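Okay, thanks everyone for squeezing in. Could you pull up the model on your screens and keep it open while I talk?

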Amino acid sequence: MAAAARFDVEQGGRGGEGKYPPPPPEQMYPQREGEREWVPWFVPVVVAVNIALFAVVMYVNNCPTHAASTRRGGGGACVARGFLHRFAFQPLSENPLLGPSSAALQKLGALVWDKVVPERQGWRLLTCIWLHAGVVHLLANMLSLVLIGLRLEQQFGYVRIGVIYIVSGVGGSVLSSLFTRNNISVGASGALFGLLGAMLSELFTNWTIYSNKAAALATLLVVIAINLAIGILPHVDNFAHIGGFLTGFLLGFIFLMRPHYGWMQRYVRPSDIKYTTKKYLPYQWVLLAVASVLAVLGFAVGMGMLFKGVNANDHCQWCHYLSCVPTSRWSCGK
């Protein structure tokens, strides 16, 4: 997926509002319980784990040995065999992303419908988000995670961002399994789209503390649209992207709610002025309640349909175009 950076648009909400002018940005949100700036460690750990697991997959893949034993082009067909030895990549004709074989990915937990449903290996819904199809795939996702995730973790902490990341990844896996049966799926893209979705809902639920609201919303929507548009190319699991995005969008209302602008101002007004407004506005609680209900229902229905063996394509004849649009240059396959 394309990398996306979070704009720091929280510059004091409605500038000039009220009797007291807004303070400089560095004083707007002083460090205090619930509003401190966190030191990010979850995102760096996730990056390190993904890189380590990719190395494990390549070790298990062992292209030179397996290629020679199956006589598919001989061991010399492996990319960078002389330099990487056992960690050499599969032939480019098999995997142009510089990575392992599909067999190695399946062995270590890739998302495969035949394994998840008939064989009841539901754990693959989680493990697949930690695997990647190649170096190109891995670098693109990890760069995106650093650009998106570090800023979010600094603002909201590792617990909330960690929950959104992992649950969104599983949500993407569920939707992917409902629509895709003939291909394997790996990658953190669903979880990354969950963070994008959470950024959007965070903007809505914390609307009062943002300045330049239209610019922030337009920028974020463009980034999301570009990333989703990439998903209509062949060999990209856009259902995982969409499922992760919708999950993260709902979770953002639940976990990323912040005190409204008026409450923030109480920390920069004279101490002799009493401020009695509530910390959160009614609409924020309404959004939280609605999102909670939809998230629980969505997961319950999705899981139920998945393990009953329902093929979602039978109920939505056009939905396959959300993941791949055939053109004169490529076909989407079956």
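So, T247. This threonine sits in helix α12. One thing to keep in mind before we go on is that we're looking at a predicted model, so everything I say today is about that prediction.

Is T247 buried or exposed? It counts as buried, because its relative accessibility is 12%, and the cut-off for buried is under 20%. What does its side chain reach? It goes to the backbone oxygen of G243, at 2.8 Å. And if you skip the residues up to four places away in sequence, T247 touches V167, S168, G171 and F299.

Now, hang on to G243 and G171, since both turn up again in a pocket. I mean the second largest pocket, with a volume of about 420 Å³. There are 21 residues lining that pocket, and the ones closest to its centre are G171, L175, G243, L246 and G298.

Which helices build that lining? You get at least two residues from each of α9, α12, which runs 238-255, and α14, which runs 282-307. The biggest giver is α14, which puts in eight residues. As for the chemistry, the lining of this second largest pocket has 16 nonpolar residues and five polar ones, with no charged residues.

Let me stay with α9 for a moment. That's residues 158-179, so 22 residues, and the helix reaches 32 Å from first C-alpha to last. That span is close to the 32 Å you'd expect at 1.5 Å a residue. How much of α9 is covered? Most of it: 16 of the 22 residues are buried.

Back to α12, then, and this time to N238, which is also in that helix. N238 is buried, because its relative accessible area is just 3%, under the 20% cut-off. Its side chain makes a polar contact of 3.0 Å with the side chain of H241. Leaving out neighbours within four places in sequence, N238 is in contact with L228, G231, I232, L322 and S323.

Over in α14, have a look at A289. A289 is partly exposed, with a relative accessible area of 39%. Its C-alpha is 7.8 Å from that of I254, even though the two are 35 residues apart along the chain.

Okay, closed spaces. Rolling a probe the size of a water molecule over the atoms shows where empty space is left. How many cavities of 30 Å³ or more are there? The structure holds two. I'll talk about the second largest cavity, which has a volume of about 40 Å³. Its lining is made of L111, V112, W113, S176, S177, T180, N183 and S185. By class, that's three nonpolar residues and five polar ones, again with no charged residues.

Next up, a bit of backbone geometry. Most residues other than glycine have a negative phi. So which residues should you click on here? One is H85, with a positive phi of about 55 degrees although it's not a glycine. H85 is in the loop between α4, residues 81-84, and α5, residues 102-107. It's exposed too, with a relative accessible area of 52%.

R120 is another one: its phi is near 55 degrees, positive, and R120 isn't a glycine either. You'll find R120 in the loop between α6, which is 113-116, and α7, which is 124-127. R120 is exposed, since its relative accessible area is 52% and exposed means over 50%.

Last bit: let's zoom out to the whole chain. How many helices and strands does it have? There are 14 helices and zero strands. So if you read the elements from the N terminus on, you just say "α" over and over: α-α-α-α-α-α-α-α-α-α-α-α-α-α. Of the 334 residues in the chain, 46% count as buried. And if you take the contacts with a separation of 6 or more, 77% of them are between residues 24 or more positions apart.

That's my tour. If you want one place to start clicking, try T247 in α12 and follow its side chain to the backbone oxygen of G243. Thanks, happy to chat afterwards!

Methods:
Residues are numbered from 1 along each chain as its sequence is written. This is a predicted model: local features need pLDDT of at least 70, side-chain atom pairs count only at pLDDT 80 or more; totals for chains, interfaces and linings use all residues. Side-chain values use heavy atoms; hydrogens and water are left out. Helices (H or I, at least four residues) and strands (E, at least two) are DSSP runs, numbered from the N terminus. The expected span of a helix is 1.5 Å times one less than its number of residues. Buried means under 20% relative accessible area, exposed over 50%, partly exposed in between (1.4 Å probe, protein chains only). On a 1 Å grid over the protein atoms alone, a cavity is a set of points where a 1.4 Å probe fits but cannot get out, and a pocket is an open set with protein on both sides within 12 Å along at least five of seven lines; lining residues have an atom within 4 Å of a point. Grid points are joined across faces, edges and corners, and a volume is the space filled by probe spheres set on the points. Ala, Val, Leu, Ile, Met, Phe, Trp, Tyr, Cys and Pro count as nonpolar, Asp, Glu, Lys and Arg as charged, and the others, Gly among them, as polar. A polar contact is a pair of N or O atoms within 3.5 Å; within protein, one must be able to donate a hydrogen and the other to accept it, and residues adjacent in sequence count only if both atoms are side-chain atoms. Contact means heavy atoms within 4.5 Å.
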